[in-house]
Amino acid sequence: MSPRRVRAESDAVGRHERPLRITVDGEPLDGIAGQTIAGVLLASGRLAWRRGRSGAPRGVFCGIGVCFDCLVTVGGERDVRACRRRAHDGDVVTTQDRQPKTETGPATGPATGPGDQKHLGLPAEEEER
Ligand code: FES
């Protein structure tokens, strides 16, 4: 799965883009019809959007629906594999967090965007992207 977007005017197949907009944790993200929710997230620059029990960042690992690393909540339905669900205009997506809760909430919040890369344990050069 590539986060690279081929613009309609340079698409050799001649596809026409139909734009769509989803919200992820309240933030609007634009995509095109046919993209999966993971595709929209990756194209927006998000490499991880949840944390496992250990606190390790999770996003797309297999990209084919096998590993369950990409789970999100879509329209109130929990544990949806973002790599398998096509994005639909108006989808309301929330990220999930499997870390044990403390009295003050989760130990760390879910990874939500490119600015959170510093929390994902990526090397400094990766943080710049
Ligand atoms: S990335 Fe493996 S199930 Fe979605």
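## Getting oriented

Two strands count as paired if DSSP finds at least two bridges between them. With that in mind, welcome to this structure, which is a predicted model.

The protein chain contains two helices and nine strands. Followed along the sequence, these elements come in the order β-β-α-β-β-β-β-β-β-β-α. The protein chain has 129 residues, and 26% of them count as buried. Among the contacts in the protein chain with a separation of 6 or more, 46% are between residues 24 or more positions apart.

## Strand 1 and its two partners

A good place to begin is strand 1, which covers residues 19-24 and pairs with strand 2, residues 27-32. The two run in the antiparallel sense, and six bridges link them. To see one of these pairings for yourself, find Thr 23, whose bridge partner in strand 2 is Pro 28.

Strand 1 also pairs with strand 7, which spans residues 92-94. Here the strands are parallel, and two bridges join them. Look for Val 24, which stands opposite Val 93 of strand 7.

## The turn at Asp 25

Strand 1 and strand 2 together make a hairpin, with two residues between them. Asp 25 sits in this turn, in the loop that leads from strand 1 to strand 2.

The backbone of Asp 25 deserves a closer look. Most residues other than glycine have a negative phi. Asp 25 is not a glycine, yet its phi is positive, at about 50 degrees. Is Asp 25 buried, exposed or partly exposed? Asp 25 is partly exposed, because 16 other C-beta atoms lie within 10 Å, a count that falls between the limits of 12 or fewer for exposed and 20 or more for buried.

## A positive phi within strand 6

Asp 79 is another residue other than glycine with a positive phi, in this case near 60 degrees. Where is Asp 79 found? Asp 79 lies in strand 6, which runs over residues 77-81. Asp 79 counts as exposed, because it has 10 C-beta neighbours inside 10 Å.

## Gly 90, on the way to strand 7

After strand 6, the chain enters a loop that leads to strand 7, and Gly 90 is part of that loop. Gly 90 has 10 other C-beta atoms within 10 Å, so this residue is exposed.

How far apart in space are Gly 90 and Gly 75? From C-alpha to C-alpha they are 9.5 Å apart, while 15 residues separate them in sequence.

Definitions and conventions:
Residues are numbered from 1 along each chain as its sequence is written. This is a predicted model: local features need pLDDT of at least 70, side-chain atom pairs count only at pLDDT 80 or more; totals for chains, interfaces and linings use all residues. Helices (H or I, at least four residues) and strands (E, at least two) are DSSP runs, numbered from the N terminus. Two residues are in contact if their C-beta atoms, placed from the backbone, lie within 7 Å.
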